[in-house]
Amino acid sequence: MSLRLGDAAPNFKAVTTEGEIDFYEYLGNSWGILFSHPADYTPVCTTELGKTALLKSEFDKRNVKVLAVSVDPIEKHHGWKKDINETQNCSVEFPIIADEDKTVANLYGMIHPNASETFTVRSLFVIGPDKKVKLTLTYPASTGRNFVEVLRVIDSLQLTANHSVATPADWKHGERVIVVPAISTEDAIKKFPKGVEVVKPYLRYTPQPNLD
Ligand code: BEZ
């Protein structure tokens, strides 16, 4: 059975480009992203890992630790990392797991046999500080992911974890948000001093509450 939202993210120990790690220890109290790619020395994967490295300060700002995984061996990861840094003009500093025995791939359901019997697809899991799965994404090998979108979702996950709001379609940090249906309009007016705009009784907006 695949991992679903709210499930506990399985812990594991792994060999990575930054040494051996215990996943939960690596995460500490941070948020985490665990993402798989099909194989080293492939073009789309090279751009994906490069883009993730270039966004390091954005992940740091959000207290998110990143971890990549594929079933290739550690020596191959080290060689490929140099290529990524050279071609994408970046410095990959997050660990890349060498999951040769497919422990992580199997724990997280990253191998989809009807897509490939041997390689991981492009799976991505966002894990909260409570070690629960907050988001899952699955892309095929032929389509690179949008890591700016991943940051946007993390902004929403972190906001909605702490305030009684939800984020509308295409929402970006700084834009108005939606008051969750569980809160009455009367209570919402007390809870959100910046104001509540009632478009319909079930569609109420308020400015993003955690901004000055
Ligand atoms: C790539 O990363 O470019 C890739 C990997 C596997 C299949 C197709 C593309």
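Here are a few notes on the ligand site and the helix beside it in the protein chain.

1. Ground rules: this is a predicted model, where local features need pLDDT of at least 70, side-chain atom pairs count only at pLDDT 80 or more, and totals for chains, interfaces and linings use all residues. Numbering runs from 1 along each chain as its sequence is written, and side-chain values use heavy atoms, with hydrogens and water left out.

2. The chain splits into domain 1 (13-145) and domain 2 (163-206), with bounds taken from an automatic or database domain assignment. Their C-alpha centres sit 35 Å apart.

3. Around the ligand (a heavy atom within 4 Å) you'll find Pro-38, Thr-42, Pro-43, Val-44, Cys-45, Arg-122 and Ala-141. That shell is five nonpolar residues, one polar and one charged; Ala, Val, Cys and Pro are among those counted as nonpolar, and Arg is counted as charged.

4. Now the polar contacts (N or O pairs within 3.5 Å). A ligand oxygen lies 2.6 Å from a backbone N or O of Val-44, and a ligand oxygen is 2.8 Å from a polar backbone atom of Cys-45. The side chain of Arg-122 places an N or O atom 3.0 Å from a ligand oxygen. Taken alone, the ligand exposes 260 Å², and the protein buries 71% of that (Shrake-Rupley, 1.4 Å probe).

5. Which helix gives the most to the shell? That's α2, with three residues. Helix α2 (a DSSP run of H or I, at least four residues) covers 43-54. Its twelve residues reach 17 Å from first C-alpha to last, close to the 16 Å expected at 1.5 Å a residue, taken as 1.5 Å times one less than the number of residues.

6. Buried residues of α2 (under 20% relative accessible area, 1.4 Å probe, protein chains only) include Cys-45, Leu-49 and Ala-53.

Methods: Helix = DSSP H or I, 4+ residues; strand = E, 2+ residues; numbered from the N terminus. Buried < 20%, exposed > 50% of the residue type's maximum accessible area, 1.4 Å probe, protein only. Polar contact = N/O pair within 3.5 Å; in protein donor to acceptor, adjacent residues only side chain to side chain.
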